[in-house]
Amino acid sequence: MTASPRPETLAMGASRMISLTLNGRPVTAEAEGRTNLADFVRDTLNLTGTHLGCEHGVCGACTILVDGEPARACLSFAGACQGADVVTIEGLDDDPVTAELRAAFNREHALQCGFCTPGMLVSARDLVLRLPEADETRIRLGLAGNLCRCTGYAGIVKAVASVIAARRAQGIGPMTTERRLGPVGARTGGAVSAALPASVAITAGPSSVTTSLAEDFTPAHSFEQSFEVPFPPAEVFAFFGHIEEVAACLPGAVIDAMPSPDNVQGGMRVKLGPIATTFRGGARIGRDEAMKSGTIHGAGADGRSRTEGIIRYRVTDGAAPGSSRVALDVGYTLKGPLAQFGRPGLVREVAGRLIAEFAANLEARLSGTAPPPVEARGLDPLKLLFSLVSDRLGRLWRRGGPSS
């Protein structure tokens, strides 16, 4: 597939004509550069079945299909979908899978106020097409990005599971085509996939996908962090050369194998409330002994979401004699349903807490005191988020309390 050019950047107030395929028919309409796809289809094209809830990509009410993949319409600029194939809930009226889901939603009492239902049906349809079997855990994970304000999840999960089970019993299997890398709607996936060398195989639960480590990887987000430990730089840098020891200090990290000294296979366990998942993948490791610096470039997937990132670190003298300062430059890209939880500001603060815990565990290891095991706990962003909010409120209060 030939990649179409990425749309030009628009000034916030500028307007342009947007042409795309909507529910099987070509449409052209004018929109400002800042107009999101949800407002475009609702207000400009009068298709109000797409609901707007949080408008921050969290609730999933506005989920539609862009080039065949579920996408948050409130986070997608209309101008970025120039030439895309967009399908809203109205376009699924005659879709057989959606018809089965509608019947199942009625049968399992999965409908209450109905506000979340259009986006929920779009996400559920994607699960019916992809999941090999009616696995409740994977269904709940797949629907984690669609919130039901009536909390009717039990009926929704039963409805989706019943449709998957019925179709598999009829001999209708899941889709076998792999999704291409690239931003949804930009139609660059084919070119990106062809350009990247196949180097890392990632196993994500029952299914497998193949992704790559891009030689010229450019992260979507980046930030810097640092910490100090009371040990000399040579000792700290030497410790970083033992990847198994490093992983033992990092909450949620799992090492499966090391095919070579500069390649590692493993995963990162993540817990989102009652839902737990593991990003499985691989990483390439580089070290510069003279500069006491190194890189860790990895990629992973959990079945739907994918991430790629690179950590550059350097060990230098710390403020106190005999201590070390470890400077980290972190860049990452996250795609898929879990990207909605990956706000850059929150990621930076959560990473700060994670790095602080890593530093404490590193100090314990270097002093000969083994830190508590972290594999079983994994990373719990909700607990960290609660701690972050508490800290922010505390800082606000210390600055003089709330204004009268």
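User: Hi! How exposed is Arg34 in this one?

Analyst: Hi! This is a predicted model, and in it Arg34 has 48% relative accessibility, so it counts as partly exposed. The cut-off for exposed is over 50%.

User: Got it. What does Arg34 form a salt bridge with?

Analyst: Arg34 pairs with Glu32, and their closest N and O atoms are 2.7 Å apart. Glu32 is partly exposed too, because its relative accessibility is 29%.

User: How many salt bridges are there by this rule?

Analyst: The count comes to 9. One of them joins Arg167 to Glu100, at 3.0 Å from N to O.

User: Where in the chain do those two sit?

Analyst: Arg167 belongs to helix 5 (residues 153-169) and Glu100 to helix 2 (residues 96-107). They are 67 residues apart, and the pair links distant parts of the chain.

User: Are Arg167 and Glu100 buried or exposed?

Analyst: Arg167 is buried, at 11% relative accessibility. Glu100 is partly exposed, with a value of 29%.

User: What about Arg140, which side chain does that one meet?

Analyst: Arg140 meets Glu136 in a salt bridge of 3.0 Å, N to O. Both are in helix 4 (residues 136-142), and because they are 4 residues apart, about one helical turn separates them. Arg140 has a relative accessible area of 35%, which makes it partly exposed, and Glu136 is partly exposed at 46%.

User: Let's switch to the sheet. In what order do the strands come?

Analyst: There are 5 strands in an open sheet, ordered 2-1-5-3-4, with mixed pairing. At the edges are strand 2 (25-32) and strand 4 (69-72), and each of these pairs on one side only. From one strand to the next, the twist averages 45 degrees.

User: What holds strands of a sheet together, in general?

Analyst: They pair through backbone hydrogen bonds, and the pairing can be parallel or antiparallel.

User: And which way do strand 1 and strand 2 run?

Analyst: Those two are antiparallel, and 8 bridges join strand 1 (residues 15-22) to strand 2. They form a hairpin with 2 residues between them. Asn23 is in the turn and has a positive phi of about 55 degrees.

User: Which residue stands opposite Leu20?

Analyst: That's Val27 in strand 2. Another such pair is Met17 opposite Glu30, again with strand 2 as the partner.

User: Which strands does helix 1 lie across?

Analyst: Helix 1 (residues 37-44) lies across strand 1, strand 2, strand 3 (63-66) and strand 5 (85-87). Its direction is at about 110 degrees to strand 2. Helix 3 (residues 117-130) also packs on the sheet, where it touches strand 3 and strand 4. Helix 3 makes about 50 degrees with the direction of strand 3.

User: New topic: rings! How many aromatic pairs does the rule give?

Analyst: It gives 5 aromatic pairs. Take Phe223 and Tyr332: their ring centres are 6.4 Å apart and their planes are at 65 degrees, so they count as edge-to-face. The cut-off for that label is over 60 degrees.

User: Why does that pair tie together separate parts of the sequence?

Analyst: Because Phe223 lies in strand 8 (residues 221-229) and Tyr332 in strand 14 (residues 324-335), the pair ties together parts 109 residues apart in sequence. Phe223 is buried at 9% relative accessible area, and Tyr332 is buried at 11%.

User: What about Phe227 and Phe358, how are their rings arranged?

Analyst: Their centres are 6.1 Å apart and their planes are at 80 degrees, so this pair is edge-to-face. Phe227 is in strand 8 and Phe358 is in helix 9 (residues 344-366), 131 residues apart. Phe227 is buried, with a relative accessible area of 9%, and Phe358 also counts as buried at 9%.

User: Which residues are in the ring cluster?

Analyst: Ring pairs link Phe227, Phe237, Phe240, Tyr313 and Phe358 into a cluster.

User: Last one: which ring does the charged end of Arg287 sit over?

Analyst: It sits over the ring of Phe237, 3.8 Å from the centre. Elsewhere, Arg149 lies over the face of Phe115, 4.4 Å from the ring centre.

Note on methods:
Residues are numbered from 1 along each chain as its sequence is written. This is a predicted model: local features need pLDDT of at least 70, side-chain atom pairs count only at pLDDT 80 or more; totals for chains, interfaces and linings use all residues. Side-chain values use heavy atoms; hydrogens and water are left out. Two strands pair if DSSP finds at least two bridges between them. Axes are lines fitted to C-alpha atoms, for helices over the stretch in contact, and angles run from 0 to 180 degrees between N-to-C directions. Contact means heavy atoms within 4.5 Å. Rings of Phe, Tyr and Trp (its six-membered ring) pair if their centres lie within 6.5 Å; planes under 30 degrees apart count as stacked, over 60 as edge-to-face and the rest as tilted. Buried means under 20% relative accessible area, exposed over 50%, partly exposed in between (1.4 Å probe, protein chains only). A charge sits over a ring if NZ of Lys or CZ of Arg is within 6 Å of the ring centre and within 35 degrees of the ring normal. A salt bridge is a side-chain nitrogen of Lys or Arg within 4 Å of a carboxyl oxygen of Asp or Glu.
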